[in-house]
Amino acid sequence: QVQLVESGGGLVQPGGSLRLSCAASGSIFSINAMAWYRQAPGLQRGLVARISRDGSTNYADSVKGRFTISRDNAKNTVYLQMDSLKPEDTAVYYCYAGAVGAYWGQGTKVTVSS
């Protein structure tokens, strides 16, 4: 079992920045990759960014050049640095861990609005 706890969401103005954190606990040795997904009202949940065990990353086209995913293995934490935020980035952001099973955090809300 893997437990994920997200933090860092909130309200920010367009053009601003936020950093999301996802702390993993439990069977962390079994995690192969971690990722951030987001779900806006009325839309399906979609991948934002993913980081593999070896540190390789990939991003949704809509966030390339603005968002950065990273991990601190010593702290068992994954981060999502979000810069140049746009209103269309407004969503609930979920942390995901891929292991023997798939694990999700509870979500953290990000609102980009003036």
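Let's start with two strands. β1 and β3 pair in the antiparallel sense, over 6 bridges. One facing pair to find on your screen is Gln3, which stands opposite Ser25 in β3. Before going on, please remember that this is a predicted model.

Now the whole sheet. What is the order of its strands? It runs β1-β3-β8-β7. The sheet is open, has 4 strands, and the pairing is antiparallel. Which strands sit at the edges? They are β1, residues 2–7, and β7, residues 67–72. Each of these pairs on one side only. On average, neighbouring strands in this sheet are turned by 15° against each other, with direction ignored.

Move along the sheet from β3. β3 pairs with β8, antiparallel, over 6 bridges. Here Ala23 stands opposite Thr77 in β8. Next, β8 pairs with β7, again antiparallel and over 6 bridges. Look for Thr68: its bridge partner in β8 is Gln81. β7 and β8 also form a hairpin, with 4 residues between them. In that turn, Asn76 has a positive phi of about 55°.

How covered is β8? Mostly: 5 of its 6 residues are buried.

Back to β3, and to one residue in it. Ser21 is found in this strand, which spans residues 18–26. Is Ser21 buried or exposed? Its relative accessibility is 16%, so Ser21 counts as buried, because the cut-off for buried is under 20%. What does Ser21 touch, leaving out residues up to four places away in sequence? The list is Val5, Glu6, Ser7, Trp36, Thr77, Val78 and Tyr79.

Right next door in the numbering is Cys22. The structure holds 1 disulfide, and this joins Cys22 to Cys95. A quick reminder: a disulfide is a covalent bond between the sulfur atoms of two cysteines. From S to S, the distance between Cys22 and Cys95 is 2.0 Å. The angle about the S-S bond is -80°, and the link is left-handed. Where do the two ends sit? Cys22 is in strand β3, while Cys95 is in strand β9, residues 91–98. They are 73 residues apart, and the pair links distant parts of the chain. Both ends are covered. Cys22 is buried, at 0% relative accessible area. Cys95 is buried too, also at 0%.

Now a loop. Gln106 is found between β10, residues 102–104, and β11, residues 108–112. Gln106 has a relative accessible area of 49%, and is partly exposed. Remember Gln3 from the start? Gln106 and Gln3 are 103 residues apart along the chain, yet their C-alpha atoms are separated by 9.8 Å. Which residues does Gln106 contact, leaving aside neighbours within four places in sequence? Leu4, Val5, Glu6 and Tyr94.

Last stop: empty space. Rolling a probe the size of a water molecule over the atoms shows where such space is left. Here, the largest pocket has a volume of about 180 Å³. Which strands each supply at least two residues of its lining? β7 and β8 do. Some names in the lining are familiar by now: they include Asn76 and Thr77. Others among the lining residues are Ala24, Phe29, Met34, Arg53, Arg71 and Asp72.

To finish, trace the sheet once more on your screen: β1-β3-β8-β7. Then find Cys22 in β3, and follow the disulfide across to Cys95 in β9. Thank you.

Definitions and conventions: Residues numbered from 1 in each chain as written. Predicted model: local features only at pLDDT ≥ 70, side-chain atom pairs only at ≥ 80, totals over all residues. Heavy atoms only, no water. Buried < 20%, exposed > 50% of the residue type's maximum accessible area, 1.4 Å probe, protein only. Contact = heavy atoms within 4.5 Å. Pairing = 2+ DSSP bridges. Axes fitted to C-alpha atoms, helices over the stretch in contact; angles between N-to-C directions. Disulfide = S-S within 2.5 Å. 1 Å grid on protein atoms, 1.4 Å probe; cavity = no way out; pocket = protein on both sides within 12 Å on 5 of 7 lines; lining within 4 Å. Points joined across faces, edges and corners; volume = space filled by probe spheres on them.
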